[in-house]
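Visitor: I should like to study a protein model with you. Would you kindly show it to me first?

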Amino acid sequence: MGRSGASLPLMSRRNLFQAGALGAFAFGLSACGSSSAPTISLYQSKPEVIPYFRDLVSSFNTEHPAIHAIHDATSSLSASFARATPPDLGCLNYNFEMARFQERGELSDLSDLLPEANIAPSVLELVDQYPTYPGRTSVIPYSMMGAATFYNKDIFDQHGLDVPTTYSELLGVCEKLKSAGVTAFYFTSADAWTLAQGIADYSIGGAIDVADFFKRMRDLGTEASNDSEVSFSKNLKKPLEKAVKLAEYTNADATSRKYADGNVAFANGEAAMYLQGPWAITEIMALNPKMNMGIFPLPMTENPEDRKVRVNLDLALWIPEGSQHKDEARELLKYLIQPEIADKYNATNNGFGVRADSPAVSDERLKDLQGFIDKAAFYQGTSTAIPKTIPFENYMQSIFTGGSIEETLATLDGDWQRNARRQGTN
Amino acid sequence: MSSVVSTTSKRRRRGRVEPMFYYFLVPALVLFTLCITVPALMGIYYSFTDSIGFGEYNFVGLNNYAVLFSDPAIVKSYLFTIGVSLLTVILVNVIALFLAIGLTSQIKMRTALRTIFVLPMVVSGIIISFVFQFIFANTVPAAAANMHLPFLQESILADPKLAWLAIVLVTTWQAVPSAMLIYIAALVTIPNDVYEASALDGAHSPQQLMRITLPMISGYVLINVILGFKGFLSMYDIIVGLTNGGPGTSTRSVAMTIFTGFDTGDYAYQMANSTIFFIITLAIALIQLRVSRGKAQF
C-alpha cells in the first residue's frame, strides 16, 4: 500500500506530461491542415538552372496564394516512385530512361493541355520516338537543346577554311589543319560520355535516320541480332568507321583528357573543332571571353542536305499518376508554359523553344543552328535511345581508343537482344 | 497464477540462461532483420519478376537468370572482380605483414611511422581515387616524358589491358593500413622468449618468420584474408573515381553492374545478378573457412 501510494504523484505527473505532449501534437497537426495551402513539389535537377527555377517557383507562389509550391532538386527519382511519393510536377530531361516511367503508366494524361502548350509538331514527334503509354500525352516538352560541332572561327580564318558541308570537305579541312600542325578535333576520351554524345551521336545522326532505326530495332524485339534486317552491326558500322577516320585528327593525349580539360583546351585555341553541347558554351566563354566560335552540324555524307543537328528535350514536364495534388500541379505547369515565362527561360539558358510560335534562339553562336531547327533537320542522339543498362558510352570509348568496331557492335546487338528478352518485349 | 510461477522456477532450476541476455540480442536482431534480411529476401523475390523498382510487374520465372548466364558482360565482370580481388588480397597481406613486422621491431620513430602508415585509412575511397586518377593521367605521363620513358607516357588508365593494374595498386594502397593494424596487434601477442629460444637454437630470421611468426598469427592471417577478399569483391568507389568501368568495359566490377540496376530500370535483372553474387560470395567464404578449419590459431 505504502509503495503504490508513494508512486502515485509521480505517475500522475508523467501522465500530465503525456497529455500535454499529445495535445500539442494534435494542435500542430490541425494548424497544419487548416491554415496553409496544399503543398506541391516541383522536381527539377538540371544543375545549371536550379537557381532560375527557385526564383520561378517563388514568383508562382506569390501569384497563387492558394497553392504552395516547393522546389526539389535533390531527391532520387526512382526511389520516390518506389516509395509511392513521386513529385507532383516533374521538369526533367526527356530520354529513354524517362520514357520508362511513362511506358509503365506512371505519368498522368495531359492531352487536354496540348492546345494551350502549342508544341511544334516536329518537337512532339520527338516524344513519340521513345516507348509511350497508348492513348496518353504523358509529357509536354518545355525546352530543347541543339548540339553540333564547335569550331574556332579564328583558326578557320587563319588557314583560309570554310565550314565543311560534306564529309570529304570535312576530311579536307582536317588534312589542311594537320599539315599546318594544328589539332583538328579536341577529344576528351577519358570521359566516355563526351564520346557518346559527341562524335558517336553526331556521326551516326548525320548518316542514318536514328528514329527510324530504333523503331525498327524495337519492333524486332527478341528477334534482333547481328543477322537481322536492321542491327547495330549493319547500320552503324559505316558511320562509325568514318568517325574513327576523323579521330585520327585528334590531340595525341585524348585518351587521358577529361571534359574540363577539353573546355580549357578549346578555349585556349589548342584545337580547331570540339564536339560538345550548348552547356559547354558558358564555360568556354568564361575561360576566354574573346573566344570567336561558331557551330555547324558534322557532315557525314556527300549531300549537304543530310546535315542534321543533335537535339534533346532538355526539359519536359509531366505529372505522376501518384501525385496527390494533380490539379494544383497542373496550375504550376500552365504557369511554366506561358510563352513569356518559357521564352525567357530558353533565352536565358541557351535553349530552343518548343512552341510552334517560339522566337528564334538568342545566343549568337546557337543562331548558326536555327535554320536546321526550323526545317526540323534534327535527330535525338543514339546514346539517349539505348537503355542505360547497356554501357553504350563505354562501348564508344573502346571504339575510339583503338577497339574493334565489329566486335563492339556485335556485343551491342547481343546486349540489345538480351535486354529485350528480359523485358519480355515479345 | 501458481502454475506459471512453478514452471518458471522449474526452468530456472534447470540452469536456463538468464532471459536478459536474449533481450540484449533483440535490438541487433531487429535491426539486422529489418535492414539486411528482409530487403535481401525482397530482392530475391523481385529477381523472379520484371519489376523496374516500382509500379506494376509480372512474374517471369527464371527468365532473368537464363539471360544472365548468357551475358558475356556479366561473366566478364565476375572474372574481373574475382581476379583483381585475389591479386589485391595477396598484395595487401604481404605488404601489411612486412610493414607490421617492421613497425613492431625496435626502430626509431616507431609511433610516428605507425601513424603515417595508417593515414590512407582515414581518407575516403572516392577522394583517394580522384587524387590517383590525376596522378596516373597527368603526373606520371609528365614525369615519364621528362625522364624519356616512352612506355609510361600514356596513362595506364587509358589502356584497356593495364587499367586493372591501377585499380589493384590504389585498392592495395588503401587497404594495407587496416590489415597492418591487425597484424601489429597479432605480432605483439607473440611472447619474446619464443624468439630468444629459437635464436639460441640457431634459427635465423627467415626461419623465425616461417616457423614462428606465421604459425603464431595464422588466425589473424585468416581474418585478414577473408575480410579483405569479401571487401574487395564489392569494390566500387575506387573504380568509379579511377576509370568508371573503362576504358570500354574493361574494369567494370560486379558491384558497379548491379548498381546500374537502380537507376536504369533494370532492377529485377540486377537483383538476379545480386542473388548469384550473394551465393558466390557465400560459397567463397565457406570454402575459406573449410580449408582453414583447425589450422588457424588465435
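The questions and answers below treat confidence, domains, the core and one helix.

Guide: This is a predicted model, in which local features need pLDDT of at least 70, side-chain atom pairs count only at pLDDT 80 or more, and totals for chains, interfaces and linings use all residues. Residues are numbered from 1 along each chain as its sequence is written, while chains are lettered from A and ligands numbered from 1 in the order in which they are written.

Visitor: What pLDDT does chain A average?
Guide: The pLDDT is the predictor's confidence in each residue, from 0 to 100. In chain A, 91% of the residues score at least 70. The average for chain A is 88.

Visitor: Over which residues of chain A is the pLDDT below 50?
Guide: The stretch in question has 0 contacts in the model beyond near neighbours in sequence; two residues are in contact if their C-beta atoms, placed from the backbone, lie within 7 Å. The pLDDT is below 50 over residues 1-35.

Visitor: How far apart do the C-alpha centres of domain 1 and domain 2 of chain A lie?
Guide: The bounds come from an automatic or database domain assignment. Domain 1 of chain A covers 39-145 + 312-370, and domain 2 covers 152-311 + 381-423. Their contact takes 14 residues from domain 1 and 18 residues from domain 2. The C-alpha centres of the two domains lie apart by 28 Å.

Visitor: Where does the largest nonpolar core lie with respect to the domains of chain A?
Guide: A nonpolar core is a set of buried Ala, Val, Leu, Ile, Met, Phe, Trp, Tyr and Cys residues joined through C-beta atoms within 7 Å. A residue is buried if 20 or more other C-beta atoms lie within 10 Å of its own, exposed if 12 or fewer, and partly exposed in between, with C-beta atoms placed from the backbone. The largest core has 127 residues, and Ala316(A) and Leu317(A) have the most contacts inside it. Domain 1 and domain 2 of chain A both give residues to this core, so it lies between them.

Visitor: Which residues of helix 15 of chain A are buried?
Guide: Helices (H or I, at least four residues) and strands (E, at least two) are DSSP runs, numbered from the N terminus. Helix 15 of chain A comprises residues 326-337. Its buried residues are Glu328(A), Ala329(A), Arg330(A), Leu332(A), Leu333(A), Leu336(A) and Ile337(A).

Visitor: What percentage of the residues of chain A count as buried?
Guide: Chain A has 426 residues. The share that counts as buried is 48%.

Terms used:
Expected span 1.5 Å × (residues − 1).
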